[in-house]
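Please look through the structure below with an eye to its interior, where side chains meet and where some space may be left unfilled. A short report follows it.

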Amino acid sequence: MVTFLPRLPGRLADIPSFDRAIGGAESNVACTLARTGHSTRWISRVGTDGFGDHLLAAIADCGVDVGHVRRDPLRPTGVYFRTAGDRATDTHEVAYYRTGSAASAMTAADLDPAALHTGRILHLSGITAALSADCLGLLRELTARRPGRPLVSFDVNYRPGLWRDPAQARVLLELARGADLVFVGDDEARDAWGLHGPRAIREALPEAHTVVVKQGRDGATVFRRTREPGGLTREPVGRTRESGGLMREPGGRRDAATATGSATDTATDTATFVPALRVGLVAATGAGDAFAAGFLSATLRGLPDRTRLRYGHLWAAAALTVPGDLATPPSRPYADRLAALDDPAWERLHLAPGWTDADPDADPDADPEAEPDADPDSDTSGRRADEEVPTQ
């Protein structure tokens with residue numbers, strides 16, 4: 001969608017002007033991965049209007065292949081407006097205008113299977129499933145387990161305002177169980193599925209090889225299956241080096257740990273927990289998408305689980321310290337240096353706006369310090385930050 005960001009604080013009714021930007025869960029992930037140096041393709045549907053032109057140009061400028069985006073001459077491109085305040089407060093407003101949008105008309109018949117299956121990861125979002133019956137059918141098709149498909153990554157992205165009947169949100173659990181890698185906030189799992197705690201979430205998703213549970217200010221836990229039931233080690237699919245294929249990422253089981261990078265093992269599972277970073281909050285929009293992009297970037301590089309979570313937190317910190325939905329992540333050398341910090345140094349990090357511009361050769365313990373007025377309660381787990389307000 002096209003995003004309109006307010007130039008002043010206040011209610012939507014009182015804001016006279018906005019700046020135009022881009023937004024959308026899947027496109028945010030694709031743009032962030034492209035800015036990190038990965039090859040990405042965004043597949044969607046936009047109108048033949050000027051907003052559709054703007055979206056295609058802006059996303060392509062990030063380095064994303066948009067050659068498989070369809071143009072719809074009958075339906076408009078979706079847009080949304082939001083206020084500048086913290087999404088966690090009652091004063092924050094978000095107004096979405098995408099009922100009947102071009103994206104809501106997507107169906108499985110519209111998509112080129114070759115375009116979907118040539119990548120190493122196919123990333124999907126639960127928001128798409130809520131847009132229309134056709135979009136839900138599309139997501140069911142893409143999460144169906146079939147031979148030869150790429151690794152399917154699914155971000156639950158539960159938005160209560162999009163599911164008028166809370167019971168309908170159970171379909172997100174069905175879709176997640178069809179994925180190989182699942183991102184879900186513990187608050188989402190509680191509100192949508194009635195599940196409490198990382199262990200319960202993992203046990204509800206036995207088919208997923210990897211389950212990432214985002215735990216707000218505490219941090220995030222990744223569960224990964226390392227051995228199949230019966231003691232057979234799961235063989236990787238392809239190669240794990242960056243230019244080759246991708247290992248099928250597994251899942252695991254455990255409750256949240258309390259120390260950086262701590263992990264436990266069962267007969268078939270491992271679990272690793274990494275605490276969130278503190279940041280000088282500018283806006284919470286896009287943090288969950290950035291977290292997913294960081295984790296996927298490290299996954300594509302075959303990095304350890306602890307590093308994958310740290311990448312997620314770092315990419316989320318980049319999004320939290322800019323006003324829009326989309327942030328430029330830190331350079332790979334700088335991110336590698338920060339991700340390699342020992343546990344005490346990681347826990348001391350307090351990242352301020354502009355931290356991603358720091359010199360990658362500088363002392364990583366010193367240069368990302370936050371400003372004195374930074375919000376100490378901001379976190380980088382990328383949990384759900386707002387409730388959508390569907391607007392006709």
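The report takes up the nonpolar cores, an enclosed helix, the aromatic pairs and a cavity in turn.

This is a predicted model, and every value below was computed from it.

**Nonpolar cores**

In soluble globular proteins, nonpolar side chains tend to be buried together. The largest nonpolar core here has 42 residues, and the members that touch the most others are Phe 183, Leu 309, Leu 314, Leu 351 and Trp 355. At least two residues of this core come from each of helix 1, strand 9 (181–185), strand 11 (219–225), helix 9, helix 10, helix 11 (332–339) and helix 12 (343–348). Helix 10 gives the most, with nine residues. Leu 314 illustrates how parts of the chain come together, since, with its neighbours within four places in sequence left aside, Leu 314 is in contact with Leu 277, Ala 335, Leu 338, Ala 339, Trp 346, Leu 351 and Trp 355. Apart from this core lies another one, of 41 residues, including Leu 136, Val 171, Trp 193 and Ile 201.

**An enclosed helix**

Why can helix 7 (residues 186–193) be called largely enclosed by the rest of the structure? Six of the eight residues of helix 7 are buried, so the helix is largely enclosed by the rest of the structure. The buried residues are Asp 186, Asp 187, Glu 188, Ala 189, Ala 192 and Trp 193, and they pack against helix 6 (170–176), strand 9, helix 8 (198–204) and strand 10 (210–214). Just after helix 7 comes Gly 194, which takes a positive phi of about 70 degrees.

**Aromatic pairs**

A search of the whole structure finds eight aromatic pairs, and two that are stacked are set out in the table.

| Pair | Centre to centre | Angle between planes |
|---|---|---|
| Phe 4 and Phe 81 | 4.7 Å | 15 degrees |
| Tyr 80 and Tyr 96 | 4.7 Å | 20 degrees |

The pair of Phe 4 and Phe 81 links distant parts of the chain, with Phe 4 in strand 1 (residues 2–6) and Phe 81 in strand 5 (residues 79–82), 77 residues apart. Phe 4 counts as buried because its relative accessibility is 14%, which is under 20%. Phe 81, with a relative accessible area of 23%, is partly exposed. The pair of Tyr 80 and Tyr 96 also links distant parts of the chain, with Tyr 80 in strand 5 and Tyr 96 in strand 6 (residues 94–97), 16 residues apart. Tyr 80 is buried, with a relative accessible area of 2%, and Tyr 96 is buried as well, with 6%. Ring pairs also link Phe 4, Phe 18, Phe 51, Phe 81 and Tyr 97 into a cluster.

**The cavity**

How many cavities of 30 Å³ or more does a search of the whole structure find? The search finds one, and about 50 Å³ of space lies in the largest cavity. Its lining consists of Asn 28, Thr 32, Gly 286, Asp 289, Ala 290, Trp 315, Ala 318, Ala 319, Asp 325, Leu 326 and Ala 327. By class, the lining has six nonpolar, three polar and two charged residues. Helix 1 (25–35), helix 9 (287–300) and helix 10 (305–320) each supply at least two residues of the lining, and the largest share, three residues, comes from helix 10. Helix 10 therefore appears twice in this report, as it also gives the most residues to the largest nonpolar core.

Technical notes: Residues are numbered from 1 along each chain as its sequence is written. This is a predicted model: local features need pLDDT of at least 70, side-chain atom pairs count only at pLDDT 80 or more; totals for chains, interfaces and linings use all residues. Side-chain values use heavy atoms; hydrogens and water are left out. On a 1 Å grid over the protein atoms alone, a cavity is a set of points where a 1.4 Å probe fits but cannot get out, and a pocket is an open set with protein on both sides within 12 Å along at least five of seven lines; lining residues have an atom within 4 Å of a point. Grid points are joined across faces, edges and corners, and a volume is the space filled by probe spheres set on the points. Helices (H or I, at least four residues) and strands (E, at least two) are DSSP runs, numbered from the N terminus. Ala, Val, Leu, Ile, Met, Phe, Trp, Tyr, Cys and Pro count as nonpolar, Asp, Glu, Lys and Arg as charged, and the others, Gly among them, as polar. A nonpolar core is a set of buried Ala, Val, Leu, Ile, Met, Phe, Trp, Tyr and Cys residues joined through side-chain atoms within 4.5 Å. Buried means under 20% relative accessible area, exposed over 50%, partly exposed in between (1.4 Å probe, protein chains only). Contact means heavy atoms within 4.5 Å. Rings of Phe, Tyr and Trp (its six-membered ring) pair if their centres lie within 6.5 Å; planes under 30 degrees apart count as stacked, over 60 as edge-to-face and the rest as tilted.
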